[in-house]
Amino acid sequence: MKIEEIRKVLYGFQDEKYRELQKKLIPTADKDSVIGVRTPDLRKYAKQLYKENDYQEFLDALPHKYFDENQLHAFIVSEIKDFDKCVAEVQRFLPYVDNWATCDQMSPKVFKKNRQELPAIIKDWIASDRTYTIRFGIGMLMEHFLDEDFDPVYPEMVAAVRSEEYYVNMMTAWYFATALAKQYDAVLPYIEEQRLDAWTHNKTIQKAVESYRITDEQKEYLRSLKVKK
């Protein structure tokens, strides 16, 4: 499908009130690039384009003009069933991701079936100098490697990240807070030993104590580990 046709469909989904909300929630996105398409409509349209195998021209048309086109791109990539093709498209797209929403909502379904191949790829993402590539890598570790496939090497990878970028540090805090909920004993030493920078350390504790998966006793102990900046 031609880019102009896809853009016309997106404008057909436009919700002006949602557009104004999006512009406030995603400060790093160009305000004029926001059309205002709700996520369920984007997901549904992405699935339609993928099912009809009518999307490659759109994926090739980088960089996109609109935020919503980036969102649609992320959702289409998330549908790709061939692992190697999916990884290739993710790699090609990540340098153009410029906001937390597109980064966090891109979650390829095929990754779940190919976890054994992911860690090496994720390691490269986390070693990137691009804010949202790093964030995406940490997010994939959080999504796929905090349960039965957990390995102590993964929090080591995340703890080694040092960044001045808010959206990297927030994802790091989110990762460790979730890790505390799922792998408390293995991850607690990172907090006890202050392995993270002060801001991320305290943000991790804040997010962890907000979780219903952390016991009251654990929350009380975590609060005692906060550091003064």
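What percentage of the 229 residues of the protein count as buried? In this predicted model, the share that counts as buried is 53%. The protein exposes about 11700 Å², and carbon and sulfur atoms supply 48% of that area.

The overall build comes next. The secondary structure comes to 14 helices and zero strands, so the pattern read along the sequence is α-α-α-α-α-α-α-α-α-α-α-α-α-α. The radius of gyration is 19 Å, close to the 17 Å that the globule rule gives for 229 residues, so the protein is as compact as a globular protein of that length. Along the principal axes, the C-alpha trace spans about 55 × 40 × 30 Å. Among contacts with a separation of 6 or more, 70% are between residues 24 or more positions apart.

Helix α1 covers residues 3-12, and its buried residues are Ile 3, Ile 6 and Leu 10. These residues lie on the same side of α1, because they cover an arc of only 65 degrees around the axis. The spacing fits a general rule: an α-helix has 3.6 residues a turn, so residues three or four places apart point the same way. On the other side of α1, the exposed residues are Glu 4, Lys 8 and Gly 12. The cover over the buried residues of α1 includes α3 (39-51), α4 (56-60) and α5 (67-79).

Helix α5 also holds Asp 68. Is Asp 68 buried or exposed? Asp 68 has a relative accessible area of 1%, under the 20% limit, and therefore counts as buried. Not counting residues up to four places away in sequence, Asp 68 touches Leu 10, Ser 33, Val 34, Ile 35, Gly 36, Val 37 and Leu 42. One of these, Leu 10, is among the buried residues of α1. With Val 37 there is also a polar contact, in which the side chain of Asp 68 reaches the backbone nitrogen of Val 37 at 3.0 Å. Lys 228 is 160 residues from Asp 68 in sequence, and the two are 40 Å apart in space, C-alpha to C-alpha.

Further along the chain, Ala 160 lies in the loop between α10 (153-159) and α11 (166-182). With a relative accessible area of 59%, over the 50% limit, Ala 160 counts as exposed. Tyr 11 is 149 residues from Ala 160 along the chain, and their C-alpha atoms are separated by 43 Å.

Thr 200 has its place in helix α13, which covers residues 198-209. The relative accessible area of Thr 200 is 1%, so this residue is buried. Leaving aside neighbours within four places in sequence, Thr 200 is in contact with Asn 169, Thr 172 and Ala 173.

Helix α14 covers residues 216-223, and Gln 218, Lys 219 and Leu 222 are buried there. Their directions cover an arc of only 100 degrees around the axis, which puts them on the same side of α14. The face turned away from that buried side carries the exposed residues Asp 216, Glu 217 and Glu 220. What covers the buried residues of α14 includes α11, α12 (184-192) and α13.

Notes:
Residues numbered from 1 in each chain as written. Predicted model: local features only at pLDDT ≥ 70, side-chain atom pairs only at ≥ 80, totals over all residues. Heavy atoms only, no water. Helix = DSSP H or I, 4+ residues; strand = E, 2+ residues; numbered from the N terminus. Buried < 20%, exposed > 50% of the residue type's maximum accessible area, 1.4 Å probe, protein only. Contact = heavy atoms within 4.5 Å. Arc of directions from axis to C-beta. Polar contact = N/O pair within 3.5 Å; in protein donor to acceptor, adjacent residues only side chain to side chain. Rg over C-alpha atoms; globule rule 2.2 N^0.38 Å. Areas by Shrake-Rupley, 256 points an atom, 1.4 Å probe, with all protein chains shown as cover.
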